[in-house]
2 protein chains.
Amino acid sequence: MSSNRRRLAPRPETAARREEILKASLEIFGSKGFNKGPLAEIAEQVGMTHAGVLHHFGSKDKLLVEVLRYRDSADLQDLEGQHIPDGADLFRHLVRTAFDNEQRPGIVQAYAVLSAESVTDKHPGHEYFVERYATLRVQLADAFHIMCEEHGVTDQTTVDHAAASILAVMDGLQVQWLLQPDSIELAETSAFAIETLVTAVLDPRPSALAIHDVTEQS
Amino acid sequence: MSSNRRRLAPRPETAARREEILKASLEIFGSKGFNKGPLAEIAEQVGMTHAGVLHHFGSKDKLLVEVLRYRDSADLQDLEGQHIPDGADLFRHLVRTAFDNEQRPGIVQAYAVLSAESVTDKHPGHEYFVERYATLRVQLADAFHIMCEEHGVTDQTTVDHAAASILAVMDGLQVQWLLQPDSIELAETSAFAIETLVTAVLDPRPSALAIHDVTEQS
DNA sequence: AGTAACTTACAATACAGTTAGTAAGTAACT
DNA sequence: AGTTACTTACTAACTGTATTGTAAGTTACT
């Protein structure tokens, strides 16, 4: 009894209009953050009023969620056609992404700003980012496991630490790069860090740093 | 003719009141972000109206800058008394900080949120974070140089990459930890990454990952 | 004919900052 | 010590603006 409402086919250009809105939203949210990025500005960029945007997405919160999922699907299409990267391929893919990212600061900024913002109270992007990181960490861990078998290494803890660390460096470097593009070589530094961490998992060796009693609260 | 205005000494309790405001601000800005954190809420927490807060700090923007500088000075006092950490000591200090941070999610969140927010257009914290990262990177690079001499290594590029990477992992891990505290071991993972990166600088070795043509745009 | 895709107009709220006023302090002079 | 002159540290009230969401109407597609 909830679906007896007659549903008419959407007009052919509607999908394209929605996509325009999603792109504009990513740009605005990226440059001003979600909270400070007004719907009116998004609407203006696609040539309508803010009420028009709400007609398509219902609310600002829902719009954000769709924006994030939209970028995901766009990124997935990049990988489509190629075989799913496994083992070393995934890490090479990450490095390539870092190189690509240098050419699209807007998108990088959107993710940097929104992911951090999403840790705040009741942020509409919270759930999305929790899932995203969890998924990515598992993907990296899986890639590690494939490579570990070949190298005869099996250390779950190290793999987990390295997976989280790789995602973390990439994100952290993006923030530094956005703040001072001329002082940070985003791609080269990412590549260095990823190579270092991957190598550390596959070929463990003693630390050059004595940490020992540091872990005890002084 | 503009500075002949008579300047009176502030009342004795004023300094303490200001500090209360700074603490409350860090908490509010940390939990809701700068944009969404209203002055009224800060004021309420210290028992005054938002106009009272503005009386002390002039504007919300100026308040944020003072909040950030205030935390810096508080952190500096922790290091005071001890000798300035050089070489390996600095890295051990970073690891210790990661352990401490697990006990103060509020402050961690404030820095994570505000640093990312500060990359947005005309954010009042922008300058502060640019300076902060620049300073920290130099500090790390200096520590590396001291250690490199002992090990007979001299690779400026690697040092720079590692310095930026270490700060980046710490920040990135914090975001993941704030999103999912139960899935991330903040301190242990930080320690792993720092040790790995330091060791990579002092004892370089070939990468287990063939990157080669990845750097060429496909 | 009915609905999708809007617009205009409006309601409701949230906020930063300003102004005017007050109580209580500080500092100088007597 | 007391008075005068001025300032600090506020509050209450208001202004202005920004901003999301909604309701009602219009046009054009299906």
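A residue is counted as buried when its relative accessible area is under 20%. By this criterion Gln109(B), with a relative accessible area of 14%, is buried in the predicted model described here. Gln109(B) belongs to helix H6 of chain B, which covers residues 105–117. When residues up to four places away in sequence are not counted, Gln109(B) touches Gly30(B), Ser31(B) and Leu178(B) in its own chain, as well as Val119(A) and Thr120(A) in chain A.

A second buried position of chain B is Ile166(B), for which the relative accessible area is 0%. The residue is found in helix H8 (residues 156–179) of chain B. Leaving aside neighbours within four places in sequence, Ile166(B) is in contact with Phe91(B), Leu94(B), Leu140(B), Phe144(B), Ile194(B), Leu197(B) and Val198(B). The C-alpha atoms of Ile166(B) and Thr196(B) are 9.7 Å apart, although 30 residues separate the two in sequence.

Chain A contains nine helices and zero strands, and its elements accordingly read α-α-α-α-α-α-α-α-α from the N terminus on. Of the 218 residues in chain A, 48% are buried. Among the contacts in chain A with a separation of 6 or more, 68% are accounted for by residues 24 or more positions apart.

Helix H5 of chain A, residues 88–101, was examined in greater detail. Its 14 residues should span 20 Å at 1.5 Å a residue, and the end C-alpha atoms are 20 Å apart, so the expected and computed values agree. H5(A) is mostly covered, with 10 of its 14 residues buried. The buried residues of this helix are Ala88(A), Leu90(A), Phe91(A), Arg92(A), Leu94(A), Val95(A), Thr97(A), Ala98(A), Phe99(A) and Asn101(A). They pack against four helices of chain A, namely H6 (105–117), H7 (126–151), H8 (156–179) and H9 (186–202).

The two protein chains contact one another through 70 residues from chain A and 70 residues from chain B. Leu179(B), Arg205(B) and Leu209(B) supply 12% of the area that chain B buries against chain A, more than any other three residues. The size of an interface is often given as the accessible area lost when the parts come together. For chain A and chain B this buried area is about 6100 Å², of which 66% lies on carbon and sulfur atoms.

Both protein chains also contribute to the surroundings of the DNA. Around DNA strand C there are 25 residues, of which Arg11(A), Thr14(A), Thr49(A), His56(A) and His50(B) come nearest. Of the atoms of DNA strand C that come within 4 Å of the protein, 65% belong to sugar and phosphate. The surface near this strand comprises 11 nonpolar, eight polar and six charged residues. Helix H1 (14–36) and H3 of chain A, together with H3 of chain B, each supply at least two residues of the surface near DNA strand C; the largest share, four residues, comes from H3(A).

Polar contacts to DNA strand C involve both the backbone of the DNA and its bases. A side-chain N or O atom of Thr49(A) lies 2.8 Å from a phosphate oxygen of DNA strand C. A polar backbone atom of Leu39(B) is 3.0 Å from a phosphate oxygen of DNA strand C. A base nitrogen of the strand is 3.1 Å from an N or O atom in the side chain of Arg11(B).

DNA strand D is surrounded by 24 residues, the closest being Lys60(A), Arg11(B), Thr14(B), Thr49(B) and His56(B). Sugar and phosphate make up 64% of the atoms of DNA strand D that come within 4 Å of the protein. By class, the residues of the surface near DNA strand D are nine nonpolar, nine polar and six charged. Helix H3 (50–57) of chain A and, from chain B, helices H1 (14–36) and H3 (50–57) each supply at least two residues of this surface. H3(B) provides the largest share, four residues.

For DNA strand D, a phosphate oxygen is 2.7 Å from an N or O atom in the side chain of Thr49(B). A backbone N or O atom of Leu39(A) is placed 3.2 Å from a phosphate oxygen of DNA strand D. A base nitrogen of DNA strand D lies 2.9 Å from a polar side-chain atom of His50(A).

Key:
Residues are numbered from 1 along each chain as its sequence is written. Chains are lettered from A and ligands numbered from 1 in the order in which they are written. This is a predicted model: local features need pLDDT of at least 70, side-chain atom pairs count only at pLDDT 80 or more; totals for chains, interfaces and linings use all residues. Side-chain values use heavy atoms; hydrogens and water are left out. A residue is near a molecule or strand if one of its heavy atoms lies within 4 Å of it. A polar contact is a pair of N or O atoms within 3.5 Å; within protein, one must be able to donate a hydrogen and the other to accept it, and residues adjacent in sequence count only if both atoms are side-chain atoms. Ala, Val, Leu, Ile, Met, Phe, Trp, Tyr, Cys and Pro count as nonpolar, Asp, Glu, Lys and Arg as charged, and the others, Gly among them, as polar. The expected span of a helix is 1.5 Å times one less than its number of residues. Buried means under 20% relative accessible area, exposed over 50%, partly exposed in between (1.4 Å probe, protein chains only). Contact means heavy atoms within 4.5 Å. Buried area is the accessible area (1.4 Å probe) that two parts lose on being put together, summed over both.
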